[in-house]
There are 2 protein chains.
Amino acid sequence: MKKPLPFDQAEFAARLAAVKKEMSNREIDFLLLSEPPNQNYLTGYDSLSFYTPQMVIVALSHDEPLWIARFMERSQAMMGTYLADENIRTYPDEYVNSHTGLSAYDVVADIVKELGGETARIGVEMGGYYYSARAHADLVRALPLATFVDADLLVNWIRIVKSPAELVCMRQAGRIADAMIKRGVDMMEPGVRECDIAAAVYYQQIAGTPEFGGSYDSSCLFFGAGERALAPHPTWTDERLPASTTVYMEVHGVRLRYQVNLARTIVVGKPSPAYQKFSEIAVEALNAGLDSVRPGRTCSEVQAAYAQSLARHGYKKEARLGYPQGIGYPPASAERTASLRKGDNTVLQPGMCFHMMAALWLEDKSICITQPFTVTESGYEPLTSTPRALIVK
Amino acid sequence: MKKPLPFDQAEFAARLAAVKKEMSNREIDFLLLSEPPNQNYLTGYDSLSFYTPQMVIVALSHDEPLWIARFMERSQAMMGTYLADENIRTYPDEYVNSHTGLSAYDVVADIVKELGGETARIGVEMGGYYYSARAHADLVRALPLATFVDADLLVNWIRIVKSPAELVCMRQAGRIADAMIKRGVDMMEPGVRECDIAAAVYYQQIAGTPEFGGSYDSSCLFFGAGERALAPHPTWTDERLPASTTVYMEVHGVRLRYQVNLARTIVVGKPSPAYQKFSEIAVEALNAGLDSVRPGRTCSEVQAAYAQSLARHGYKKEARLGYPQGIGYPPASAERTASLRKGDNTVLQPGMCFHMMAALWLEDKSICITQPFTVTESGYEPLTSTPRALIVK
C-alpha cells in the first residue's frame, strides 16, 4: 500500500538526524510540529488536511516521528509516508469542530504521555500558521507538568539549505514558473477577460511540462491590471484588457510541493520612454543584488548592493528584498527565517534558495521584475530563465 | 481610487450591526478579528495578504471597523474596502518575520489603546487559523490591563445565514462547480495524465462561465485515481489513467470568494454490478438526508435521516455528514460552526448553506456523491445541478 516517496530513506534519515541534533543542543525532549512544510520534510506526508488539527511529534527517545491527524487521513499517511503503522495515530471525527468541547490536543497530549513525555521539555511552533492560541492553551492544560519552549523555525532553519535532490525539484518548479509567465503573456490581448488569462496560467501551473506535472499553489496567482497593478497582491477580475495597459503578474511554479515564485510586469501596448527607463533601473538594481550573492556574504550585504544601485537613480525599496523558499503549503511558501534586508546577518550557504522580490510599488507606478535563485559554491544559479526585463506585448 | 464592492453599503452596515449587537450581548468592547473570511465579511477587503499579521478591529465605541496590515497592503485596502482612510492602518516592513523581535501585535495593541481600549474586554478568535499562540501571547503582554475573552466563531455564527445577495454568489459558485466536474469528466480517457485532467479543471475554476469569472480555491482540487481514491484528500500525480479505474474528484467553485464544494466518483470503464448498486445506496441515503432538510429541523435530525437510510443497507458513515460554507480563504472554506452530525442541535434556518459531504471511505472501496444546498422556507435548494449519481465514462 506504500507509494514511492520523492526522496529516499537516507535523505529522510539525514533530515531527522539534523533536527534531533538541534533538539539536543536546545535540550528539547519532544518537538511538536504543527507546520505542514515541516511535517512533509520529516515524514513525506503530503495532503491538504491540516485545516483540522494535525501534528508530527519528534521525540529524542523515539526513533521515528509520530504522525497524528483526523481518522480519515490515516489512509493517506499509510500510503504517503515511510512511517511504521504504529507511528500513525488518529483522533475520532467528533473532535473536528466539536460542539461538545472536545480538543484533539488532548489526544496529542496523551500520546506525549505514552512516550514518557509527561514532564518533558516540549518545543512548539509558537508563531506557526497552524498552532492557534487555543491549541497551545489546550496542550498546556493537558500537560501541566511539562515545560513548553518556543521552537518555532527550528526545522525551518535546517531546511533553508536544500539538498541536491531538493534542488532538482526547485529547478523543475522554476521551469513551470517560466512556462506560466509565457502562457499568461501569450494570452494577453486587448479584449480578453482577465479571468481567462488567469485560467490559462493556472492550467500551465498544474499541467507543468510534458516531462513532469505541476501542483497547486501555496497561495494564488497575483494578477493586477491598470490601477490594480499598484497593489502587491491583487487578483484578476472579469474585466477585459483595454487596448493599452500595464499588468503585474506573480506566478508560483510548484513541483512535489517545492515552490518557486517569479513576477513580471507586462505592458500591453507601447511603454512610455520614461517607464521603459524606469524598468531598466529596476533590472540594473536586481542584477547588482544578484551579482553580490555568494557563500559567506550576508543577507544584509546583498540587500545593500541592490539598494545602492537603486539609490543612484533616486529610488528606494521599502519592503525586504527577498525571502527563502522551498516546500510550500497554504497560506505561503516563504520560510519565515532569513530576509534579504538591512540588518539581517544570516550568512549565505550553498543550497539556500531565495526569491529576490525586487518589486517597486510606488504611489504612481509599480514595476516588478524578480529572480528566484539558489546560492552556489561561487555565486548564484537562477532557478528560472525568463529574461530579466520589462515584457512588452 | 475606490473600486465597486460586490455588496452595497446597507448590507455591510447590517452585518456590522449584527456583530456589534452580539458583542453587546457578550459584553465585549473590542473584537479583534484575525480570520480572513470575517475580515472580508465586515470590510470587503479581499487579498491573499494574511500570511503576515492582519487584523480587523470592531469597537463598540467606534463607528467603522479598523483594518491593520503590512504597509504594502494599504493600496488594496484603499481600493477594495469602504473604510475611511483614517481607519486603514499599517505597520512597517521590518515587523514581517522580524529578526530583531518586533511584533506587529504591538502595533495592534497601540491602536486598541488609542481607541480607549487599554482596560477593555477584548474578544479574540482563539481557535482561528491566523491567531497563533505567539500572536495571543504578544497581545496579552502588550495590553496587561485588558481582559481577553474567546470570541472565536462570533462572526461565523452570524454569517452562517446568507443574505439574498450572498446567495446569488453561492449559486454562481455552484454553476462553476458543475462546469468543473463536467470539464474534468470530459478530459478523462485512458492514457491521459492525471495532471492534465486536473489542469483542465483548474482552467474552468478560474475562467468560470461566459457570464462571470471564477476565483482561486481556499484549498485545492482533490483528485485520486485507483487506490488513491480511498483517501479523502488526495491530489493528482503525473501518471496516466489506465484503461479502467475509479476516480474521486472534489471540486470547489468560487465566485467573489464564495465557495461551493461538490464531489463525484467517476468510473472510467465499466463499473461492476456490485459497485453500481453500492453507488445507488449512497445516493438513496444522500436523498434521504436532503429530503429531511427544512427550517426548524436540527443538523442532528438531518444526519439521522441519512444514517437510517444507509443503515438499512448495512453501512455506516464515520465522519460528519456535512459542514456550512460561504466565504472561503486558505486553508478551508468550511465555517467551523455547525456540523451535520449526531448530537449537533443547531436549528436550520433559511439562507444557511451546507455541503452534504456524503462520501463513504471504506477499507476496500469509496464512493463520493455529494450535494451543496441552501435551506429554503420549505426545504432545500440545490446549489449545483450535476446529477446525483455515479458518473460512468
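The legends below describe close-up views of a predicted model with chains A and B.

**Figure 1. Overall form of chain A in the predicted model.**
Chain A contains 10 helices and 17 strands. Its C-alpha trace spans about 70 × 45 × 40 Å along the principal axes. The radius of gyration of chain A is 23 Å, which agrees with the value near 21 Å for a compact globule of 393 residues. Of the 393 residues in chain A, 59% are buried. Among the contacts in chain A between residues at least 6 apart in sequence, 68% join residues at least 24 apart.

**Figure 2. The two domains of chain A and the contact between them.**
Domain 1 of chain A covers residues 9-159, and domain 2 of chain A covers residues 164-392. Taken over C-alpha atoms, the centres of domain 1 and domain 2 of chain A are separated by 33 Å. The contact uses 11 residues from domain 1 of chain A and 10 residues from domain 2 of chain A. On the domain 1 side, α2 (36-43) and α6 (154-159) of chain A each supply at least two residues. The most comes from α2(A), which gives four residues to this side. By class, the side of domain 1 of chain A that touches domain 2 of chain A holds six nonpolar, two polar and three charged residues.

**Figure 3. The side of chain B that touches chain A.**
In this interface, 60 residues of chain B are in contact with 61 residues of chain A. The elements of chain B that give two or more residues to the side touching chain A are α3 (74-80), α5 (133-142) and α8 (194-207). The largest share, nine residues, belongs to α8(B). By class, the residues on this side of chain B comprise 32 nonpolar, 18 polar and 10 charged.

**Figure 4. Relation between chain A and chain B.**
Two copies of a chain are related by a rotation about an axis and a shift along it. Here, chain B is superposed on chain A by a rotation of 180 degrees with 0.0 Å of shift along its axis, and the RMSD is 0.0 Å. This is the relation of a two-fold axis. The same surface serves both copies, since 100% of the contact residues of chain B recur in chain A.

**Figure 5. Surroundings of Ala334(A) in strand β11 of chain A.**
Strand β11 of chain A runs over residues 332-334 and includes Ala334(A). Ala334(A) counts as buried because 25 C-beta neighbours lie inside 10 Å, and the cut-off for a buried residue is 20 or more. Leaving out residues up to four places away in sequence, Ala334(A) touches Tyr323(A), Pro324(A) and Gln325(A). The C-alpha atom of Ala334(A) is separated by 8.7 Å from that of His355(A), a residue 21 residues apart from Ala334(A) along the chain.

**Figure 6. Strand β7 of chain B and its pairing with strand β8 of chain B.**
Strand β7 of chain B covers residues 222-225. Phe222(B) and Gly224(B) point one way from the strand, Phe223(B) and Ala225(B) point the other way, and all are buried. Strand β8 of chain B (residues 245-255) runs antiparallel to β7(B), and four bridges join the two strands. One of the residues in these strands, Ala225(B), has Val247(B) in β8(B) as its bridge partner.

How values were computed. Residues numbered from 1 in each chain as written. Chains lettered and ligands numbered in written order. Predicted model: local features only at pLDDT ≥ 70, side-chain atom pairs only at ≥ 80, totals over all residues. Contact = placed C-beta atoms within 7 Å. Nonpolar A, V, L, I, M, F, W, Y, C, P; charged D, E, K, R; others polar. Least-squares fit on C-alpha atoms with pLDDT ≥ 70 in both. Rg over C-alpha atoms; globule rule 2.2 N^0.38 Å. Buried ≥ 20, exposed ≤ 12 C-beta atoms within 10 Å, placed from the backbone. Domains from an automatic or database assignment. Pairing = 2+ DSSP bridges.
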